[in-house]
Amino acid sequence: MRTAAELKLGEKAIIKDIDNTHPSSHRILEIGFTPGQEIVLLTKSIFNDPIGLSIRGTIFAIRKNEASCIII
Amino acid sequence: MTSTLTENKIPLITLVGQPNSGKTTLFNYLSGKNYKTVNYPGSTVEYSISKILGKFSINANILDSPGIISLIPSSADEKISVDSLFSHPKFGKPEIVIVTVDSSQLSRHLYLVKQLIDANFNVIVVLTMLDILRKKNLDISEIKLSEILGCKVIKIDSRSGKGIKDLLLSIKNSISETNINEELFPEMNIHNQKEKLLESYRHIEEIEKEVLFYKEPENGNNHFDINEVNKKLIVLNSIRLPNKPDNLTLKIDKFTLHKFWGIIIFFLVMSVTFTSIFWLASPLMNLINDMFSLLSSGSEVLFGDTLFGNLISNGLLNGLGSVLVFLPQILILFLILGLLEDSGYLARGAMLADKPLSMIGLNGKSFVPMLSGFACAIPAIMATRTISNKRERFLTIFIIPLMSCSARIPVYVLLVAFLIPQDKPWIGGIALSAIYIFSIFSSLIIASVVNKFQEKIIKESDNSSFILELPAYRKPKLSDVLNNTFKNATQYIKKAGPVIIYLSVFLWILTYFPNTNPQVNESGKSEKEISELKNSERIMTSYASSLGKIIEPVMKPLGLDWRVGVSLIATFAAREVFVSSLALIFKITDEGDNIQTSILKAMKDAQIENTGEKLFTTATTTGLIIFFVFAMQCLSTVAISRKETGSWRIPVLQILVFSSIAYVLSFLTVSGLRFFGIN
């Protein structure tokens with residue numbers, strides 16, 4: 001099982017599911033990370049964390065820890 | 001919940017929207033910027049309220065609520081915003097809710113719209129950012145969207161004001177149609193479930209496909225070509241909705257978030273920000289200082305050396321001056337921060353800072369408040385409200401007083417000038433920078449230590465989270481930025497002003513009484529010199545000096561005496577008061593442009609009574625600098641810290657912890673230097 005935290009720079013993926021045991025999962029769903037959507041890892045910050053994911057035409061900076069609840 | 005429209009209650013329109021959806025621009029347009037900023041009772045959540053501008057001839061209040069992502073709150077502040085939307089403690093239930101929706105991010109923003117409609121609000125949807133949508137060769141049918149959602153939908157171009165007329169018309173119609181007895185359903189629990197949420201999004205995606213359509217770029221070519229039409233159809237069928245971020249933004253991010261260039265740009269932006277705060281503000285600050293000393297001497301001429309004259313010039317005007325002197329820095333800081341935020345860079349800055357800051361228990365979102373702390377802790381502490389995690393927010397508030405605020409500069413300038421040889425002023429610049437770097441590192445160390453003991457100190461635990469939209473880069477909208485700068489500046493004056501003025505008057509009482517009319521040797525002295533000598537004599541025999549003598553045993557280990565103690569007491573109004581009270585205590589009679597030279601001379605000559613030892617030595621002066629780096633001397637900061645954390649625990653701990661650190665480190669510095677033979 002891969003998660004969005006393991007994406008390579010520039011890699012595309014389709015969201016399979018969101019792990020709702022993670023405390024941030026609800027907010028992540030609400031901002032549009034829903035199953036079936038395409039995400040792209042566009043940028044990484046220094047130290048590779050947080051990462052910048054594109055979703056529905058917007059870029060979100062998300063900590064890797066939180067991105068790990070996005071299952072791809 | 002129901003409410004009735006009585007004759008004396010005018011309708012309430014609440015503006016709701018996600019961050020970056022053009023909500024504030026619309027609010028400014030409708031309110032004409034004549035708004036009041038008020039706190040929700042008992043909280044730090046703020047809203048702006050205004051009557052709709054007279055020229056629009058709608059008699060209604062408009063309320064700008066804080067940006068929310070959904071009706072299901074994820075932090076305490078969000079919960080207050082959401083609860084107040086359903087029933088505002090002062091204004092009740094809104095008759096109309098206007099939701100701003102960024103058309104280029106339709107699906108994400110429609111989610112909130114759907115929640116609002118489901119909660120049974122009387123919703124008007126305002127579509128913004130149509131220019132961005134058109135860049136992607138797409139357009140949106142507001143008629144279709146309105147049909148599907150069952151509410152009014154209006155397109156607005158906030159830059160040109162196009163569409164505002166339609167909006168005003170629908171507001172008017174809605175007000176007359178409103179059935180205010182309609183019930184709201186605040187129980188949004190249904191949306192709390194993942195399945196329900198996913199269903200909402202599925203529905204939204206279908207809506208999106210129906211209302212968005214391909215629009216050919218307007219190149220004036222109306223020539224019909226069967227191939228072109230086919231192409232369009234293909235595009236429509238395989239509609240890949242606008243899910244690609246702005247191209248230019250992606251290109252710029254390649255630099256601003258680059259591992260090497262990103263850091264260079266980050267530090268460059270920070271240096272430019274700081275340099276502008278100090279360099280642009282300093283002539284203005286001098287102007288304000290000059291103006292107040294002019295007013296002060298004016299009042300002395302007017303009222304003479306009387307109790308009342310002294311109260312005005314040394315108490316009130318001094319206090320007012322201390323408040324206003326920082327206004328230029330605060331204005332410039334918020335102007336630059338506003339420009340950076342509106343352009344989109346600040347979100348990247350927070351992203352870059354998140355990892356290092358999270359290692360010591362802070363958040364990327366702590367970065368901007370900490371930055372503001374270098375101008376003044378008061379607006380900085382207020383700026384922590386954007387941090388949703390309470391633990392991180394309190395920790396940020398905790399360490400902000402350690403950021404070297406501008407009130408410390410005059411003190412450092414004086415003390416550094418004492419330490420360095422007069423013919424080498426450049427060493428002073430290096431020394432000042434060293435003090436800044438030292439204070440940054442110390443604050444980070446203290447933050448990590450506090451973080452280790454957070455269960456005892458911060459006492460809040462929350463899910464640590466950093467989810468931040470990186471908005472597309474754009475040219476900042478100057479009017480919005482200026483508006484926001486103005487708002488922050490008035491907040492500073494309102495919140496810090498009264499505290500500083502009361503304290504100044506209180507300290508003036510301490511330094512003026514009980515010997516209000518001291519006797520001095522007047523022979524052969526000018527009137528000005530006599531009055532200055534009287535001032536000095538008065539303070540030497542004042543309550544403040546008695547207090548100073550009481551704390552003298554505490555000052556002794558630092559190699560200082562009661563006179564410095566009195567000046568340190570005076571700094572509780574504002575740190576920079578240290579310089580002027582030293583001048584008073586050391587009977588500096590030479591007021592004017594070379595006051596610093598006179599103080600420096602007096603400092604070099606000053607001896608500790610009884611022992612005859614020199615008072616200001618390299619060791620004791622360095623110790624004093626260290627003291628100023630850490631000590632929590634500013635009572636306005638204490639007051640704002642109390643207000644923002646909702647209890648006395650954090651501010652009291654700040655006073656205890658920072659003052660002990662200041663004292664102990666200062667003592668260690670003095671003894672250490674003396675041990676190595678540096679006196």
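In the predicted model, B:Arg348 and B:Asp253 form a salt bridge in which the closest N and O atoms are 2.9 Å apart. Because B:Arg348 belongs to helix 14 of chain B and B:Asp253 to helix 10 of chain B, this pair ties together parts that are 95 residues apart in sequence. Both B:Arg348 and B:Asp253 are buried. Side chains of opposite charge can pair when their charged atoms come close, and by the rule applied here the count over all chains comes to 19 salt bridges.

Another salt bridge within chain B joins the side chains of B:Arg134 and B:Asp139, with an N to O distance of 3.7 Å. The two partners are placed in contrasting surroundings: B:Arg134 counts as partly exposed at 37% relative accessibility, whereas B:Asp139 is buried, with a relative accessible area of 5%.

The description now turns to chain B as a whole. The secondary structure of chain B comes to 30 helices and 10 strands, and buried residues make up 53% of its 679 residues. When the contacts in chain B with a separation of 6 or more are considered, 74% of them are accounted for by residues 24 or more positions apart.

Strand 5 of chain B, which covers residues 96-102, is largely enclosed by the rest of the structure, because 7 of its 7 residues are buried. From this strand, B:Ile96, B:Ile98, B:Thr100 and B:Asp102 point one way, while B:Val97, B:Val99 and B:Val101 point the other way. Strand 5 of chain B pairs in the parallel sense with strand 1 (residues 12-17) of chain B over 5 bridges, and in this pairing B:Leu15 stands opposite B:Ile98. Strand 5 of chain B also pairs in the parallel sense with strand 6 (residues 123-128) of chain B, over 6 bridges, where B:Val99 stands opposite B:Val125.

Two serine residues in helices of chain B were also examined. B:Ser296 is found in helix 11 (residues 261-303) of chain B and is buried, with a relative accessible area of 13%; leaving aside its neighbours within four places in sequence, B:Ser296 is in contact with B:Ser313 and B:Leu317. B:Ser84 is found in helix 2 (residues 76-86) of chain B and is likewise buried, with a relative accessible area of 8%. Between B:Ser84 and B:Ser65, which are 19 residues apart in sequence, the distance from C-alpha to C-alpha is 8.9 Å.

Chain A contains 2 helices and 6 strands, which follow the pattern β-β-α-β-β-β-α-β when read along the sequence. Of the 72 residues of chain A, 65% count as buried, and residues 24 or more positions apart account for 56% of the contacts in chain A with a separation of 6 or more.

Where the two chains meet, 45 residues of chain B are in contact with 38 residues of chain A. The area buried between chain B and chain A is about 3600 Å², and carbon and sulfur atoms give 58% of this area. In chain B, the residues that lose the most area to chain A are B:Arg108, B:Lys194 and B:Ile467, which together account for 18% of what that side buries.

Across this interface the rule finds 21 residue pairs in polar contact. Helix 14 of chain B gives the most to the side of chain B that touches chain A, with 6 residues, and by class this side has 19 nonpolar, 14 polar and 12 charged residues. Strands also meet across the interface, since strand 5 (residues 58-62) of chain A and strand 10 of chain B pair in the antiparallel sense over 4 bridges, with A:Phe60 opposite B:Glu469.

Between chain B and chain A the count is 5 salt bridges. In one salt bridge, the side chains of A:Arg56 and B:Glu205 meet at 2.7 Å, N to O. In another, the side chains of B:Lys194 and A:Asp17 meet at 2.8 Å, N to O; B:Lys194 lies in helix 8 of chain B and A:Asp17 in strand 2 (residues 17-18) of chain A, so the pair joins two chains. Of these partners, B:Lys194 is buried, with a relative accessible area of 17%, whereas A:Asp17 is partly exposed, with a relative accessible area of 32%. Finally, A:Arg63, B:Asp354, B:Arg391 and B:Glu392 are linked in a network of salt bridges.

Conventions
Residues numbered from 1 in each chain as written. Chains lettered and ligands numbered in written order. Predicted model: local features only at pLDDT ≥ 70, side-chain atom pairs only at ≥ 80, totals over all residues. Heavy atoms only, no water. Contact = heavy atoms within 4.5 Å. Buried area = accessible area lost by both parts, 1.4 Å probe. Salt bridge = Lys/Arg side-chain N within 4 Å of Asp/Glu carboxyl O. Polar contact = N/O pair within 3.5 Å; in protein donor to acceptor, adjacent residues only side chain to side chain. Nonpolar A, V, L, I, M, F, W, Y, C, P; charged D, E, K, R; others polar. Pairing = 2+ DSSP bridges. Buried < 20%, exposed > 50% of the residue type's maximum accessible area, 1.4 Å probe, protein only.
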